[in-house]
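Please open the structure in a viewer and keep the selection tool at hand. The tour below proceeds from one selection to the next and states what is to be found at each stop.

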Amino acid sequence: MAKAIELAKQAWQEGEIPVGAILVKDEQIIGQGWNRPISSHDPSAHAEMLAIRDAGQKIGNYRLLDTTLYVTLEPCSMCAGLLVHSRIQRVVYGASDLKTGACGSVMDLVRHPQLNHQLEVTGGVLAEPCGELLSDFFRWRRAQKKALKQQEQD
C-alpha cells in the first residue's frame, strides 16, 4: 500500500485526484498507475484502470489470475467491473468511498453473487493516510479556486 500511496502523490503532482494503485502477483508488482483522467482527457483513466492495463501488457494476457490490487481509494463501479472482468483475486483498498465505492460502501459489485467472478475484499488498510491525502488535496484545491476567484475580483 505504501507504493500505491507514492503513486497517489504522483497524481497530485500532476494536478489529479491523488489515487494510486499497484497490481501484485507472486509478491512482485506487475502493474501500476495513478489517476490521470484530467491530463489524458479520458474519464476511464483511473489508477486501477491504468495499473490493470499496465499489467495486462506486461504479462500478455487480459486475465489477471491470482493477483491482488492495492489501491488507495475504494474502487468505483467502473473499476469494480474491470476487476471482475480481469479475474483479479483480491482487492485491498485504503480509504472507503462513501459516494461511489463499489466494494461495499455504496454497493458491492465485486462480490455480487450473480456475476461469474467474485473477489476477496480487504478495506481500510492504511485508511488514515490514504484519506488524509485526499482531504488535503481537496482542501488545497478549494484554496486554489478561492485564490483565483479573489484575483479576478481585484
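The tour begins at His41, which counts as exposed because its relative accessibility is 72%. The model under inspection is a predicted one.

**First stop: two residues with positive phi**

Keep His41 selected and display its backbone. This residue lies in the loop between α2 and α3. Although His41 is not a glycine, its phi is positive, at about 55°. Most residues other than glycine have a negative phi.

Next, select Asp26, which is placed in the loop between β1 and β2. Here too the residue is not a glycine, and phi is positive, near 50°. Is Asp26 buried or exposed? With a relative accessibility of 64%, Asp26 counts as exposed.

**Second stop: helix α3**

Select residues 47-59, which make up helix α3. At 1.5 Å a residue, the 13 residues of this helix should span 18 Å, and the C-alpha atoms at its ends are indeed 18 Å apart, so expectation and model agree.

Which residues of α3 are buried? They are Ala47, Glu48, Met49, Ala51, Ile52, Ala55 and Gly56. To see what these buried residues pack against, add the strands β1 (20-25), β2 (28-34) and β3 (68-73), together with helix α4 (77-86). Then move just past the end of α3 to Gly60, where phi is positive at about 70°.

**Third stop: helix α5**

Select residues 127-153 to display α5. This helix has 27 residues, and the distance from its first C-alpha to its last is 39 Å, close to the 39 Å expected at 1.5 Å a residue. Its buried residues are Cys130, Leu133, Leu134 and Phe137. Show α1, β3 and β4 (90-95) alongside, as these are the elements against which the buried residues of α5 pack.

**Fourth stop: the aromatic cluster**

Display the side chains of Trp12, Phe137, Phe138 and Trp140, which form one aromatic cluster. The structure as a whole holds four aromatic pairs. The rings of Trp12 and Trp140 have their centres 5.8 Å apart and their planes at 50°, so this pair is tilted. Why does the pair tie together parts that are 128 residues apart in sequence? The reason is that Trp12 lies in helix α1 (residues 2-13), whereas Trp140 lies in helix α5.

Colouring by accessibility adds a further view of these residues. Trp12 counts as partly exposed, at 22% relative accessibility, and Trp140 counts as partly exposed at 35%. The rings of Phe137 and Trp140 form a tilted pair, because their centres lie 5.7 Å apart with the planes at 40°. Being three residues apart in helix α5, Phe137 and Trp140 are separated by about one helical turn. Phe137 is buried, with a relative accessible area of 0%.

**Fifth stop: Ile17**

Select Ile17, in the loop between α1 and β1. Its relative accessibility is 27%, so Ile17 counts as partly exposed. Which residues does Ile17 touch, not counting those up to four places away in sequence? The contacts are Ala11, Asn35, Leu134, Phe137, Phe138 and Arg141. Now draw a distance between the C-alpha atoms of Ile17 and Gly101: these residues are 84 apart along the chain, and the two atoms are separated by 15 Å.

**Last stop: the largest pocket**

Keep Ile17 selected and turn to the largest pocket, which holds about 570 Å³ of space. Of the 22 residues that line this pocket, the closest to its centre are Ile17, Leu73, Asp97, Thr100 and Phe138. The elements that give two or more residues to the lining are α2 (37-40) and α5 (127-153). Which element gives the most to the lining of the largest pocket? That element is α5, with four residues.

To finish, colour the lining by residue type. The lining of the largest pocket divides into 11 nonpolar, five polar and six charged residues. Two residues from earlier stops recur here: Phe138, a member of the aromatic cluster, and Ile17, which touches Phe138, are both among the residues closest to the pocket's centre.

Technical notes:
Residues are numbered from 1 along each chain as its sequence is written. This is a predicted model: local features need pLDDT of at least 70, side-chain atom pairs count only at pLDDT 80 or more; totals for chains, interfaces and linings use all residues. Side-chain values use heavy atoms; hydrogens and water are left out. The expected span of a helix is 1.5 Å times one less than its number of residues. Buried means under 20% relative accessible area, exposed over 50%, partly exposed in between (1.4 Å probe, protein chains only). Contact means heavy atoms within 4.5 Å. On a 1 Å grid over the protein atoms alone, a cavity is a set of points where a 1.4 Å probe fits but cannot get out, and a pocket is an open set with protein on both sides within 12 Å along at least five of seven lines; lining residues have an atom within 4 Å of a point. Grid points are joined across faces, edges and corners, and a volume is the space filled by probe spheres set on the points. Ala, Val, Leu, Ile, Met, Phe, Trp, Tyr, Cys and Pro count as nonpolar, Asp, Glu, Lys and Arg as charged, and the others, Gly among them, as polar. Rings of Phe, Tyr and Trp (its six-membered ring) pair if their centres lie within 6.5 Å; planes under 30 degrees apart count as stacked, over 60 as edge-to-face and the rest as tilted.
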